[in-house]
Structures are given as C-alpha cells and as structure tokens.
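Open the model in your viewer and get your selection tool ready. We will walk from one selection to the next and look at what sits there.

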Amino acid sequence: MSDATSVDDDPQADMYPTRSEAGEAEPFVRRDPVVHSLNQERWDGPLGEDMLSLYERDGFLWFEGFFSQERVQPFFDELSSMAADAEIMESDGIIADPDTGELRSVFGMHRISEYFSELTRDPRILGMVRQLLGGDVYIHQSRINDKYGFKGSGFEWHSDFETWHSEDGMPRMRALSASLLLTDNNEFNGPLMLIPGSHQYFVPSAGETPEGNWRDSLKDQRSGVPDQHTLRKLATKGGIQAPKGGPGSLLLFECNTLHASNKNMSPWPRSNLFFVYNSVDNTPVDPYCGNNPRPGFLAERTTFDPLTMAPNSHLPWAAKL
C-alpha cells in the first residue's frame with residue numbers, strides 16, 4: 001500500500017481516483033484527517049480524548065444501550081407498516097431483497113418520517129458528530145436496512161465513501177454514519193462487520209461505473225467492491241469486529257471504514273437505522289465517475305440546517321421540499 005499524502009491539495013482535483021477501466025490501482029493512505037476539529041475545538045464536545053483516539057485508530061465508536069428500547073420501537077412499527085403497503089413497496093426508494101423479494105432497504109427516511117427526522121437532530125448524537133466532523137452537518141443519506149429471519153441477504157465488503165465519491169461527487173472524507181439498532185444484533189443474524197483501521201487507506205476499485213448503476217448495486221453490489229487481496233491484508237492487520245447489542249445501541253463509523261454483513265441464517269430479524277452526516281463544507285459536486293447524479297433519496301444534494309432541517313437555499317442545487 002502506497003503513501004500518497006504528498007499529492008498537491010488542489011480543491012478542484014479528484015483526490016481519490018477510482019473505478020478506472022485501466023484496472024485496479026494500489027491502495028493509498030487517506031488524504032484527510034479522521035477527526036476534523038482542530039486545536040482547542042477538538043475537545044469542544046462530548047467525546048474525550050480517549051474516545052477521539054479510539055475513533056482515529058479504529059474508524060468507529062460503539063455505544064451499547066445508547067437509547068431505550070421504547071425510543072426505537074416506533075421505527076420498527078413504521079418498517080412493518082411500509083412492508084405491508086403495496087404502493088410504498090413499488091417506489092424507487094424501497095429496495096427489495098434480491099433473493100426473496102422481501103423488504104431490504106427503505107431510503108430517504110429523514111424525508112418520509114417525522115420521527116426519524118427528529119432523531120437525526122438528537123443533541124447527544126449531533127454533539128459527537130459535529131465534534132468529529134469539525135462543524136455543521138446535514139443528512140446526506142438515510143435508510144433502514146432490514147434482514148428477515150432465514151431470508152435476509154448480506155452486504156459485500158465496501159467503503160461507503162468510495163461510492164459516495166464516485167457516484168455522488170462527495171469530494172473528501174468528511175462524513176460518517178450513525179447506525180441505530182432496532183432489533184438485537186447477535187452473532188447469528190448478520191451483524192455489521194468492520195475492519196478496524198481500514199479507514200486509513202483508500203482502496204480504489206477497478207472498472208467503469210455503468211449509468212444507473214444504483215438500480216442493481218443496492219441489491220447486489222459489484223462496482224466499488226475492494227479486491228480480496230487488499231481485504232485480506234487489511235483484515236490480517238486490523239482484524240474484524242462485529243459490535244453486538246440490543247435495540248437502542250448506537251454505532252458511529254467513519255465514511256471510509258470497510259464494512260460488510262452476512263446473510264441472516266437465524267430465525268430472528270435484524271433491522272438497523274442508518275443516517276449519514278456530511279459536513280456542510282463537503283457538499284457534492286458532479287459525480288467523479290462521470291455519470292448523472294444518483295436520485296435524491298440516495299444522495300441529498302440539498303443541505304439542511306441541523307436544528308430545523310430546513311433547506312439552505314443559498315446553495316445552487318437547493319430544492320423546495
């Protein structure tokens with residue numbers, strides 16, 4: 001793996017080239033900090049130096065029992081209602097499992113659920129996110145990922161940033177995901193697996209991105225999947241961890257941390273909320289893969305005030321809701 005930190009920091013340049021038709025490129029050291037708050041601002045938040053250092057080292061933080069089970073139950077109820085609504089199940093923001101046809105993902109939750117929108121503004125979460133990302137943020141993407149018992153398919157190893165950079169035009173590694181467990185996540189029902197330390201390297205992917213790739217990749221991801229040789233090296237170095245806990249537990253993970261999950265072979269469902277925070281100073285440009293931007297329910301191109309979630313209309317792509 002190469003060290004490419006000496007590359008000129010041109011704000012207009014593609015700092016993370018990937019998906020070249022010429023073939024696989026060598027992974028290189030990330031060109032952005034992991035914790036973006038600088039100097040005294042680094043400690044201006046709820047996370048102490050021990051947690052900040054852990055996030056920098058591993059690329060994620062785990063908080064078991066962050067919310068009560070009663071706080072998250074309404075989300076599971078909403079998911080059940082959506083799965084039973086034939087009209088909703090036919091919309092683009094609803095992704096069916098490729099093997100069973102059951103509900104796999106619901107995107108754009110911060111737009112369709114007031115309860116979810118309120119959760120993204122929880123001051124305890126926002127305090128940590130703003131401290132890690134160094135300022136104001138907005139929701140880039142939100143979703144529920146669901147795996148029915150005996151049925152739920154898995155997700156391939158990937159870096160979210162590689163997709164958001166290539167297909168959405170997110171310029172830099174200044175985003176993170178918050179995953180809130182709605183059900184028990186145990187060793188049997190396909191918990192999220194992460195490779196500690198993998199966020200320190202950008203792993204380019206080979207091959208050009210087909211136009212409209214999102215329609216297939218959300219069911220079976222092929223573009224943007226790291227090669228097995230690199231995965232083996234990173235996993236050998238950092239190991240693999242799968243945080244497990246009950247409903248209300250919270251995982252914060254850096255946008256470039258490699259993660260995956262297995263098929264649910266157990267009788268117990270696994271349902272998790274994901275909401276992606278991006279810095280308002282890192283808003284998307286034209287996709288680096290050269291394709292048209294993905295739909296808004298996958299990549300929000302309107303930033304929101306973090307307290308009111310009202311769109312910031314001064315941005316050139318701001319849209320009326």
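Begin by selecting Arg 174 and Asp 281 in this predicted model, whose side chains meet in a salt bridge with an N to O distance of 4.0 Å. This pair links distant parts of the chain: Arg 174 belongs to the loop between α7 and β7, Asp 281 to the segment after β12, and their positions lie 107 residues apart. Are the two partners buried or exposed? Arg 174 counts as buried because its relative accessibility is 19%, with the limit for buried set at under 20%. Asp 281, at 61%, is exposed.

Keep Arg 174 selected and show its surroundings. Leaving out residues up to four places away in sequence, Arg 174 touches Asp 281 and several others, including His 36, Leu 133, Cys 255 and Tyr 277.

Next, select Arg 294 and Asp 168. Their side chains form a salt bridge too, at 2.7 Å from N to O. Arg 294 lies in the segment after β12 and Asp 168 in helix α7, so this pair ties together parts that are 126 residues apart in sequence. Arg 294 is buried at 7% relative accessible area, and Asp 168 is buried at 0%.

Move on to Arg 42 and Glu 49, a salt bridge whose closest N and O atoms are 3.0 Å apart. Here Arg 42 is buried at 12%, while Glu 49 counts as partly exposed at 32%. For a network, select Arg 19, Glu 162 and Glu 167, which salt bridges link together. The count of salt bridges comes to eleven.

Now for an arginine without such a partner. Select Arg 143 in strand β5, residues 137–147. Which side chain of opposite charge is nearest to Arg 143? That is Asp 160, 4.7 Å away, and buried Arg 143 has no salt bridge. The cut-off for a salt bridge is 4 Å, so a distance beyond it does not count. The side chain of Arg 143 does make a polar contact of 2.7 Å with that of Gln 141. Beyond its neighbours within four places in sequence, Arg 143 is in contact with Val 106, Phe 107 and Met 109, among others, and with Asn 272, Leu 273, Phe 274 and Val 276.

From there, go to Phe 275 in strand β12, residues 270–279. Phe 275 counts as buried, with 0% relative accessibility. Add Ser 142: the two C-alpha atoms are separated by 4.2 Å, although the residues are 133 apart along the chain. Among the other contacts of Phe 275 are Phe 116, Leu 119, Ile 125, Ile 139 and Leu 176.

Then select helix α1, residues 49–58, and colour its buried residues, Leu 52, Tyr 55 and Asp 58. They cover an arc of only 150 degrees around the axis, which puts them on the same side of α1. Turn to the face away from that buried side to find the exposed residues Asp 50 and Arg 57. The buried residues of α1 pack against β2, α6, β7 and β10. Just after α1, check the backbone of Gly 59, where phi is positive at about 90 degrees.

Finally, zoom out to the whole protein, with its nine helices and twelve strands. Of its 321 residues, 55% are buried. The protein exposes about 14,000 Å², and carbon and sulfur atoms supply 49% of that area.

Note on methods. Residues numbered from 1 in each chain as written. Predicted model: local features only at pLDDT ≥ 70, side-chain atom pairs only at ≥ 80, totals over all residues. Heavy atoms only, no water. Contact = heavy atoms within 4.5 Å. Helix = DSSP H or I, 4+ residues; strand = E, 2+ residues; numbered from the N terminus. Buried < 20%, exposed > 50% of the residue type's maximum accessible area, 1.4 Å probe, protein only. Areas by Shrake-Rupley, 256 points an atom, 1.4 Å probe, with all protein chains shown as cover. Lys, Arg positive; Asp, Glu negative; His and termini not counted. Polar contact = N/O pair within 3.5 Å; in protein donor to acceptor, adjacent residues only side chain to side chain. Arc of directions from axis to C-beta.
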